[in-house]
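Student: I'd like a close look at one helix and what it sits against. Could you take me through that part slowly, and then show me how the rest of the chain is put together around it?

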Amino acid sequence: MKTRAAIFTILFGICLPLGAIQEQPPNVILIVTDDQGYGDMACHGNPWLKTPNLDRLRRESVRLEDYHVDPVCAPTRAALMTGRHSVRVGAWTVTEGRQLLNPAETTMAQVFAASGYRTGMFGKWHLGDAWPYAPRFRGFQQVVRHLAGGIDEIGNPAGNGHFEPTLLRNGRPEKFAGYCTDIFFNEAIRFLTDGPPRNGEQGTKRPFFVYLPLNAMHSPFTVAEKYSRRFTATGLPENRAGFYGMIENFDENLGRLFETLMRTGLEQDTVVVFMGDNGTAVGADGNGKSGFNAGMRGKKGSVYEGGHRVACFVRWPAGLRAGGEVRRLTSVHDWLPTLIDLCGLKAPEGVRFDGRSIAPLLRGEQEDWPARTIVVERQGGGLSKGSRQPPPRRTRYPQYAVLTEQWRLVNGELYDIVADPGQKRNIAKRNPETAARLWSAYEDHFADVSSHGGANIPFFLGAPEESRTTLTVRDWRPTDGAVIWKQEQLDDDSLAINGFWAVEVRAAGRYRFVLTRHPLDDAKPIGANLARIRLGDLQRETDLAPEARQAVFELDLTPRRAVLQTWLTDAGTGRGRGAYFVTVSRAAR
């Protein structure tokens with residue numbers, strides 16, 4: 001029987017344009033931009049942008065022209081890392097603890113690492129910041145990243161931003177000089193050029209997998225004026241001018257990456273995959289009245305086409321012919337099984353992917369490609385199915401789209417996407433059988449991926465891998481009001497909000513809980529005179545001095561799963577809020 005490596009060598013040799021045989025599998029660079037829609041680049045017709053390096057990448061790639069992701073960022077990243085639906089793996093929205101990638105899932109980085117690759121991640125993770133969710137615990141050997149869903153958001157150090165940010169390098173905070181996108185490209189370039197020899201062989205390096213999920217072009221739309229100035233001068237709104245400036249800064253960095261690959265001799269044997277994580281944030285208004293969105297309806301957050309159909313280019317000079325185009329229906333779930341095929345990786349045992357390998361499509365072998373149906377959803381924090389009524393009745397939660405190569409069923413509305421790519425004519429009443437068939441497919445899909453019933457994925461306390469765990473307001477499940485995620489909201493006294501965290505205590509012992517309204521590195525008065533904590537059946541409270549900046553509790557705990565909730569209140573009025581930050585560590589005896 002041929003070994004897997006031998007089979008890979010034979011198959012790989014067949015697909016090479018010049019018939020060359022690879023001595024080792026290719027390197028992989030996977031680039032994901034944040035909030036950059038299909039129309040946010042010159043090569044797709046944007047009349048304002050100049051993106052020469054993206055345009056070049058498109059020319060030299062196989063491009064996917066019917067490629068779909070989730071409508072918002074964390075779910076797309078979860079699906080990309082696992083090859084499985086975001087609802088199935090527990091990360092179906094962006095806050096409320098519903099962005100935590102189930103620790104039982106196998107990630108793309110773990111698959112690459114198990115096959116001998118060096119693995120590095122530089123940018124935005126957004127699938128959990130504590131053990132066991134952080135990328136350094138999920139297969140990435142070198143990591144430089146920010147926390148939470150944005151570089152300036154709650155969870156990051158106070159005052160963090162796009163310039164001179166504090167980032168985590170392999171779990172330790174480090175102050176960086178410069179602009180965030182430049183920094184992440186710098187770190188990725190350093191990683192791909194500094195690999196150690198493999199098995200002691202002089203001059204032979206292990207292949208690398210670089211995951212470069214940028215925080216650009218997420219709000220706030222902050223970039224050096226030299227990038228945004230010309231857009232402001234044309235009269236574009238300030239936020240769109242900043243957004244476009246961030247895109248052109250990204251494009252400049254992409255050119256630096258290309259130059260590095262060419263200069264180091266890595267270009268031919270490196271697969272570069274580029275994609276957006278959802279539809280445009282501000283490049284268009286979603287209804288076609290301003291901006292440019294390539295004629296699509298919807299934008300970020302929408303289950304209409306403009307919310308989830310994004311650009312995807314695949315460049316591999318030694319393995320794929322430039323200029324190819326795939327018009328079959330493809331999705332973010334396809335990338336892990338595809339890279340397993342292209343790189344000859346060992347597939348994880350017992351994992352059922354929701355995607356399929358599109359390697360045959362990338363090679364131009366499309367004759368026997370089967371039809372498929374794909375579902376896109378926009379879930380809220382509390383995994384809701386909404387109305388069970390069939391179309392044309394509209395459901396509110398979750399918003400959904402069922403996709404085939406001809407049809408889109410969107411919240412009960414039916415569109416022929418071939419004849420009506422702008423989704424202007426709802427023809428559900430004229431095609432009731434098609435609408436009903438696609439609705440049935442959605443029902444089957446939802447029953448499958450949500451079989452866990454929306455169970456909480458917990459934050460872990462007392463794990464030996466991490467001495468301190470910080471829980472934040474953006475990650476609680478709301479009981480009063482909602483979550484907040486902007487740092488300036490921490491000082492808003494009009495907010496009377498609260499929520500709980502699902503936790504799991506890993507080891508018996510005494511634990512120290514520090515409750516604050518602001519992060520520990522920016523301590524300010526809590527603004528309450530009574531603090532209370534409840535974990536499962538344990539409950540404690542304490543009085544606070546007027547200028548108290550924290551409330552501290554010590555609890556003796558046994559291993560368990562429980563709900564943790566806190567209250568910081570004015571004893572006279574009863575008005576207050578939950579502690580926006582709870583820092584948990586093992587107490588000294």
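Tutor: Sure, let's start with helix α11, bearing in mind that this is a predicted model. Helix α11 covers residues 432-449, which makes 18 residues, and from first C-alpha to last it reaches 26 Å, close to the 26 Å expected at 1.5 Å a residue.

Now look at which side chains are tucked away. The buried residues of α11 are T434, A435, L438, W439, Y442, E443, H445, F446 and V449. What do they pack against? Their partners are four strands: β13 (374-378), β14 (399-403), β15 (407-410) and β16 (413-416).

Follow β13 back a little and you get to R372, in the loop between α10 (359-362) and β13. You might pause at an arginine here, because R372 has a relative accessible area of 11% and so counts as buried. Its charged end does have polar company, though. The side chain of R372 makes a polar contact with the side chain of D334 at 2.9 Å, and it also reaches the backbone oxygen of L329 at 3.1 Å. Setting aside neighbours within four places in sequence, R372 is in contact with L329, T330, S331, D334, G355, R356, L403 and T404. L403 on that list brings us back to β14, which runs over 399-403 and is one of the strands that α11 packs against.

T330, another contact of R372, gives us a handy way to jump elsewhere. D34 is 296 residues from T330 in sequence, and the two C-alphas are 20 Å apart in space. You'll find D34 in the loop between β1 (27-33) and α2 (52-59). D34 is an acidic residue that counts as buried, because its relative accessibility is 0%. Not counting residues up to four places away, D34 touches C73, R77, K124, L214, N215, A216, M217, H218 and D277.

K124 in that set is a good lead, since strand β4 spans residues 118-124 and pairs with β5 in the parallel sense over five bridges. Within that pairing, F122 has V144 in β5 as its bridge partner. Strand β5 (residues 142-146) is mostly covered, with four of its five residues buried. β5 also pairs with strand β6 (residues 166-169), this time in the antiparallel sense and over two bridges. V144 turns up again here, as its bridge partner in β6 is R169.

For one more sheet, go further along the chain, past α11. There, an open sheet of four strands runs in the order β18-β27-β21-β24, with antiparallel pairing. β18 (468-472) and β24 (551-557) stand at the edges with a single partner strand each, so one side of each has no neighbour in the sheet. On average, neighbouring strands here are turned by 20° against each other, direction ignored. Strand β21 (residues 509-516) pairs with β24 over seven bridges, and F513 stands opposite F553 in β24.

Finally, step back to the whole chain, which has 11 helices and 27 strands. Its radius of gyration is 24 Å, close to the 25 Å that the globule rule gives for 589 residues, so the chain is as compact as a globular protein of that length. The C-alpha trace spans about 75 × 70 × 60 Å along its principal axes. Buried residues make up 58% of the 589. Of the contacts between residues at least 6 apart in sequence, 69% join residues at least 24 apart.

Methods:
Residues are numbered from 1 along each chain as its sequence is written. This is a predicted model: local features need pLDDT of at least 70, side-chain atom pairs count only at pLDDT 80 or more; totals for chains, interfaces and linings use all residues. Side-chain values use heavy atoms; hydrogens and water are left out. The expected span of a helix is 1.5 Å times one less than its number of residues. Buried means under 20% relative accessible area, exposed over 50%, partly exposed in between (1.4 Å probe, protein chains only). Contact means heavy atoms within 4.5 Å. A polar contact is a pair of N or O atoms within 3.5 Å; within protein, one must be able to donate a hydrogen and the other to accept it, and residues adjacent in sequence count only if both atoms are side-chain atoms. Two strands pair if DSSP finds at least two bridges between them. Axes are lines fitted to C-alpha atoms, for helices over the stretch in contact, and angles run from 0 to 180 degrees between N-to-C directions. The radius of gyration is taken over C-alpha atoms; the globule rule is 2.2 Å times the number of residues to the power 0.38.
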